[in-house]
Amino acid sequence: MRRLFMGAVSLGALALGVGAAAAQEGILLDAVTVTATKDETRAVEAMAGASVVTREEIRTRAVQRIGTVLNALPNVATQENANDPATAVNIRGLQDFGRVAVTVDGARQNFQRSGHNADGAFFLDPAFVRLVDVTRGPVANVYGSGAIGGVVSFQTVDPDDVLVPGERLSLTLDTTFLMGRQTGILGSGIAAMRPTEAFGALVGLSLRSTDDYENGDGVRVDDSGQEVVSGIGKVVLEPAPFHRIELSGQLQRFDFANGLGTAREPRRDNEVTTETFVARWGWDDPANRFVDLDVSAWSTRTRTDQTQVSGTAPSLGSTRAFEIRTIGADVHNTSRFDAGPLGFALTYGWDAFRDEVTVTDPLGSADLFTPSGERTVWGGFLQSQATWGIVDVIGAARFDAYELSGGGVSSDGSRVSPKLTIGIRPIEGLQVYGTYAEGYRAPSVTETLITGVHPFPAAFSFRPNPNLRPEVGKTIEAGLNLSFDDLFLEGDSLRGKVSVFRTDVDDYIESIYSDPGAPCGDPRARNACADATFRYDNISRARLTGAELDLTYDARRWFASVSGGTTRGDNRVTNEPLTSVHPDQLALGAGLRFLDETLTLGGRVTFVAAQDRLPTASATLKSEDYTLVDLYASYDITPDARAYVRLENVGDVRTRRFRDGADSPGFVAKVGFQARLGM
């Protein structure tokens, strides 16, 4: 498994060397991805919709929220609110309750709190993210249970991301000032040491303080400022040749306020704390092709503490808390061998995790809408990858099972999900592939156990559904991978991925609101909500189809990129659109390099279509089309120091992303400086 560790680590050294080359705001398709098959390969060669974003890209873009980099990927979108730093990921129209598996150093991020926002989100300070590895669709079913939409895997910084070969101690500092429609400061520092070849460690601290921002019309968006403090610690041991041990911990604290201050939606102060602890051991001896072993165990805890700061006694000053603890383990190995002209990589493993949801609300009913309960999910897989000349074949099967209980209700289930991928390389640099893959998602605690009565005046009833069936996603995908060097000019490169897909989800779980009587909440009708109910139920079939493109050309002196995606989703029972599908998006980027590639100037234009393809009952969710223009410049003062300027939304356009709760910022200028000190 050393290849997975060291392949990821080597990206840190690569980022130090490419400098401005990675600042083109394209996806680094030459970077290594592991999510699709758990066996490392370049993203451009993965027979799946794979994208990778490196730490170099995240730092150069002075990212405040991780959604900034995810939203730039084809058919990947996020749902974020200005008054809440949580992020929910949508891939190819699938979102919420674990349909997209999100991990940090392999640890699942399963937090969920019911409300008028996304049903499944995570909190992550981008200051310590070194790599984002995204695989679209259930082709990554070997990566874990539930990911019928895809996988987003975050890796945090490693000592070798800060140290260069031969150094024993190093420090990196990042500082960014925000001006324009939002003011604030972002700052982080990471110190790393490697006193011996067998021992490395790092500690990092990140601080972020931003004021409320204004939209493109100059209107302030309340509660859009945040205070964030986060820290990370990691120890890396190599006690014997070909063995590697990682011990890491990440702590975060987010302070913010939200709510309208009304009786229906009181204002609350929020304190969110997260803990992620991971222990991992890898063993990969190049002389032993049968052992490439990875063993990991992890735990995560996300807790939101809220204090009501509006209203009257006894609710004024009341507190409530939402917490989810998840523990898990993963063991897998890859054995490589040849059989005549065939080369095989056989990967097999087992993984499991357990969610424990605890909600307390002494004076309210939040513990009914986000019910307490437990869910255990486990599974194993076997995958064979064979190469014969120009042909690559991947066959895999995964077994998943789950048990869920709480409030006197329980459910369970299991299934085997297959995958088959065939790829052909008719000429050097071109690969054509086709895939059929299935994925299995167990219902969440909230979907199964939700109960209670919605607060006045819309006092309808929430109903549990212990008979909720798991979802099964079935995807057919075809694609092209392009990887050409010295195509038009000496030293140039063309990288690209093009794919089309269709995903059918059987027993798709959706919230169903039924109001057979007078409109619930109508003050003129007595007992208007008596028959109105809300519960999660299986609809027979849902279908999502789409296409995506990611293409970059780099001639060293100049570069250009184009990326975009389109998805359509329908409830095939009612023949109405799904509400989870984001609008079409196309992004064009280009730039120039000067002064031996130490100075980079570039820009990006993003076109986002309107989204009015919605069911009648959700027409109020529609969003308008808009165009955003971003400009940037960076200058490498020395190999260890960089200054940069970013001008975001230079047209000061008023925008609101689909399903976001508030307008996005207007024009914002970011001025920053990065430095590294080593000895």
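Arg267 is partly exposed, with a relative accessible area of 29%. (Buried means under 20%, exposed over 50% and partly exposed anything in between, using a 1.4 Å probe and protein chains only.) The model is predicted, so local features need pLDDT of at least 70 and side-chain atom pairs count only at pLDDT 80 or more, while totals for chains, interfaces and linings use all residues. Residues are numbered from 1 along each chain as its sequence is written, and side-chain values use heavy atoms, leaving out hydrogens and water.

**Charged pairs**

What does Arg267 pair with in a salt bridge? The partner is Asp223, and the N to O distance between their side chains is 2.7 Å. (A salt bridge is a side-chain nitrogen of Lys or Arg within 4 Å of a carboxyl oxygen of Asp or Glu.) The two residues are 44 apart and link distant parts of the chain: Asp223 sits in the loop between β13 (199-210) and β14 (226-237), and Arg267 in the loop between β15 (243-258) and β16 (268-284). Strands here are DSSP runs of E with at least two residues, helices are runs of H or I with at least four, and both are numbered from the N terminus. Asp223 is buried, at 12% relative accessible area.

In total, the structure has 63 salt bridges. Side chains of opposite charge can pair when their charged atoms come close. Another such pair is Arg280 with Asp294, whose closest N and O atoms are 3.6 Å apart. Arg280 belongs to strand β16 and Asp294 to strand β17 (292-308), so this bridge ties together parts 14 residues apart in sequence. Asp294 has a further contact to look at: its C-alpha atom is separated by 4.5 Å from that of Gly282, twelve residues away along the chain.

Then there's Glu323 with Arg303, another salt bridge, at 3.1 Å from N to O. Here Glu323 comes from strand β18 (319-339) and Arg303 from strand β17, so the pair ties together parts that are 20 residues apart in sequence. These two also belong to a network of salt bridges that links Glu275, Arg301, Arg303, Asp305, Glu323 and Arg325.

The loop between β17 and β18 is where you'll find Ser315. The C-alpha atoms of Ser315 and Leu363 are 7.1 Å apart, with their positions 48 residues apart along the chain.

Here is how some of these residues, plus one we'll meet below, are covered:

| Residue | Relative accessible area and class |
|---|---|
| Arg280 | 18%, buried |
| Asp294 | 4%, buried |
| Glu323 | 11%, buried |
| Arg303 | 24%, partly exposed |
| Ser315 | 26%, partly exposed |
| Leu420 | 44%, partly exposed |

**Empty space inside**

Rolling a probe the size of a water molecule over the atoms shows where empty space is left. How many cavities of 30 Å³ or more turn up in a search of the whole structure? The search finds eleven. (On a 1 Å grid over the protein atoms alone, a cavity is a set of points where a 1.4 Å probe fits but cannot get out; a pocket is an open set with protein on both sides within 12 Å along at least five of seven lines; lining residues have an atom within 4 Å of a point.)

The largest cavity holds about 910 Å³ of space. It is lined by 39 residues, and those closest to its centre are Thr68, Glu648, Arg657, Ser664 and Pro665. Elements that each supply at least two lining residues include α3 (67-70), β13 and β35 (668-678).

As for pockets, the second largest takes in about 710 Å³. Of its 34 lining residues, Thr41, Glu45, Asp392, Arg425 and Gln431 are the closest to the centre. Strand β18, home of Glu323, is among the elements giving two or more residues to this lining. The biggest contribution, four residues, comes from β22.

**A nonpolar patch**

Strand β22 (409-427) also gives the largest share of a nonpolar patch, three residues. The patch is made up of Ile390, Val393, Leu420, Ile422 and Ile424, lies on the surface and has about 380 Å² of accessible area together. (Patch residues have over 30% relative accessible area and no salt bridge; like charges are joined within 9 Å, nonpolar side chains (Val, Leu, Ile, Met, Phe, Trp, Tyr) within 5 Å.) Leu420, the last entry in the table, lies in strand β22.

Technical notes:
Points joined across faces, edges and corners; volume = space filled by probe spheres on them. Areas by Shrake-Rupley, 256 points an atom, 1.4 Å probe, with all protein chains shown as cover.
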